[in-house]
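Biologist: I am new to this structure and would like a close look at a single part of it. Please take me through it in plain terms, with enough of the surroundings to place that part.

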Number of protein chains: 2
Amino acid sequence: MLTQAVEDYLKAIYEFQAEGGKVSTTGLSEQLDVAPASVTGMVKKLAKMKLVVHEPYQGVELTSAGEKIALEVIRHHRLVESYLAEALGVSWDKVHEEADRWEHVLSEEMEDLMDDKLGHPTTDPHGAPIPARDGSMPRSKLRRLSELAPGEAGVISEVNDHDAELLRYLGELGLFPAVKVRVISSAPFDGPVTVRINGDKHALGREVAGQILVEPLP
Amino acid sequence: MLTQAVEDYLKAIYEFQAEGGKVSTTGLSEQLDVAPASVTGMVKKLAKMKLVVHEPYQGVELTSAGEKIALEVIRHHRLVESYLAEALGVSWDKVHEEADRWEHVLSEEMEDLMDDKLGHPTTDPHGAPIPARDGSMPRSKLRRLSELAPGEAGVISEVNDHDAELLRYLGELGLFPAVKVRVISSAPFDGPVTVRINGDKHALGREVAGQILVEPLP
DNA sequence: ACCGAATGTTAGGCTTGCCTAAATCTAAGA
DNA sequence: TCTTAGATTTAGGCAAGCCTAACATTCGGT
């Protein structure tokens with residue numbers, strides 16, 4: 001059995017890679033809330049286990065074995081999130097931290113039962129795709145709000161969890177998942193984005209808009 | 001936050017105490033599957049934390065602070081068991097080991113939600129009482145099958161988990177929780193107990209009968 | 001091309017909780 | 001009472017992961 005720490009690192013590395021970004025020691029250190037030196041130590045351990053390739057000073061990359069494990073952890077995480085939201089009515093902004101703890105204790109049987117109960121969902125409550133059991137990742141249709149063209153409409157699906165500041169801001173706007181927005185203007189996509197939310201116009205900073213994921217509507 | 005190990009030790013100590021037995025190093029060592037020396041070490045640590053009183057060579061006893069924590073852990077455990085059985089249809093003989101892992105990651109909110117969902121049960125699927133939130137333990141009506149008088153009837157509520165041999169034996173008899181039994185004879189209560197189960201007579205060894213808990217019927 | 005800031009790694013140490021082996025204590029039977 | 005088997009504790013170590021401080025590397029700006 002892998003330790004919880006190993007699973008957490010693999011998941012974090014996967015998520016950095018998925019964002020297209022290079023996986024830096026500092027990035028992981030912030031994400032996992034440990035000192036950079038601790039990351040280096042663990043990364044060396046993961047490299048010895050053939051779960052990542054580590055080029056000193058140049059970053060780290062999952063091997064296919066590492067990616068497989070990361071996807072299993074993420075599947076657990078997102079199924080738990082979905083289950084908590086759906087079956088227990090846990091609020092959208094709390095499922096994440098709960099799932100972070102549950103994902104490590106969930107047996108395969110429980111995973112299957114929850115999956116059945118939920119009718120084999122392909123996205124979690126944030127709209128993020130749930131990997132299939134074989135590790136294949138459903139193609140996400142999500143885009144950043146700031147990438148929608150003016151006039152285009154979409155549904156808020158996900159914001160970066162953990163970002164309390166942003167969540168509060170979105171709360172003030174009445175912005176939650178499944179709220180429909182329509183982009184009114186952006187000038188010229190590296191400035192603020194103006195959107196119509198529930199009939200009212202709002203100007204969002206580029207940074208905030210960049211963190212809001214939407215599912216475009218036809 | 002307490003570590004998982006501390007919680008496991010407190011729970012195990014509580015359970016030994018509840019059985020009326022003296023809490024021995026060896027007993028804990030077997031229950032927790034660690035070496036006796038490890039138990040001594042942890043017990044000394046718990047004593048320093050004022051969660052137990054440790055009289056060297058004479059055993060260990062929970063303080064009221066320790067008992068409070070043990071009851072919280074047991075409440076989590078039994079609520080999870082109940083929830084898994086009820087909401088996810090997990091089979092009676094598997095909920096225990098699953099709950100052993102879940103109990104440590106369950107937040108108070110989740111506990112409350114599950115408790116609500118279940119309608120505030122007072123016993124788990126094995127019939128064991130679920131401590132209330134304030135730590136009070138519902139009085140259990142359970143007795144050992146071998147303690148029922150001839151002619152008395154009861155409902156099978158619980159057998160010692162972990163005992164694969166016994167479980168298999170009970171399975172052969174078609175014996176599961178909530179099966180009604182009637183004691184036909186026992187001679188004279190320190191020999192085998194003969195019971196009627198689903199219409200058929202069965203002779204159970206004293207030892208087996210001693211491990212079966214029943215809820216007496218009026 | 002250089003220099004300093006930022007980033008990353010190494011070295012050394014700590015805590016938790018486990019282990020084995022070697023003492024030590026307890027208690028039961030001769 | 002004495003012996004000794006079994007239970008318990010002590011002593012010494014190990015592995016996992018974390019930390020801080022010191023050293024090394026990279027890279028952007030002049």
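Biologist: What percentage of the 218 residues of chain A count as buried? With that settled, please describe the surface near DNA strand C.

Modeller: This is a predicted model. Of the 218 residues of chain A, 33% count as buried. Chain A contains eight helices and eight strands. Among its contacts with a separation of 6 or more, 56% are between residues 24 or more positions apart.

Now to the part you asked about. There are 20 residues around DNA strand C, and those that come nearest are S24(A), T26(A) and A37(A) from chain A, with T3(B) and A37(B) from chain B. Four helices each supply at least two residues of this surface: α2 (25-32) and α3 (36-48) of chain A, and α1 (4-18) and α3 (36-48) of chain B. The element that gives the most is α3(B), with five residues. Sorted by class, the surface near DNA strand C holds eleven nonpolar residues, eight polar ones and one charged residue.

Since both chains supply helices to that surface, the relation between the chains is the next topic. A turn of 180°, with a shift of 0.0 Å along the axis, lays chain A on chain B with an RMSD of 0.2 Å. This is therefore the relation of a two-fold axis. The contact surface is shared in the same way, as 100% of the contact residues of chain A recur in chain B. Of the residues of chain A, the one closest to the rotation axis is W102(A), whose C-alpha is at 3.7 Å.

Where the chains meet, twelve residues of chain A are in contact with twelve residues of chain B. On the chain A side, the elements that give two or more residues are α5 (95-102) and α6 (108-118). By class, that side has seven nonpolar, two polar and three charged residues. For comparison, the surface near DNA strand C has one charged residue.

One further feature of chain B can be added, a hairpin. Its strands are β1 (residues 52-55) and β2 (residues 59-62), which run antiparallel and are joined by four bridges. Within this pairing, E55(B) of chain B stands opposite G59(B) in β2(B). Three residues lie between the strands of the hairpin, and Y57(B) there takes a positive phi near 70°.

To return to your request: the surface near DNA strand C draws at least two residues from each of α2 and α3 of chain A and α1 and α3 of chain B, and α3(B) gives the most.

Conventions. Residues are numbered from 1 along each chain as its sequence is written. Chains are lettered from A and ligands numbered from 1 in the order in which they are written. This is a predicted model: local features need pLDDT of at least 70, side-chain atom pairs count only at pLDDT 80 or more; totals for chains, interfaces and linings use all residues. A residue is near a molecule or strand if its C-beta atom, placed from the backbone, lies within 6 Å of it. Ala, Val, Leu, Ile, Met, Phe, Trp, Tyr, Cys and Pro count as nonpolar, Asp, Glu, Lys and Arg as charged, and the others, Gly among them, as polar. Two strands pair if DSSP finds at least two bridges between them. Two residues are in contact if their C-beta atoms, placed from the backbone, lie within 7 Å. Copies are superposed by least squares on the C-alpha atoms of residues with pLDDT of at least 70 in both. A residue is buried if 20 or more other C-beta atoms lie within 10 Å of its own, exposed if 12 or fewer, and partly exposed in between; C-beta atoms are placed from the backbone.
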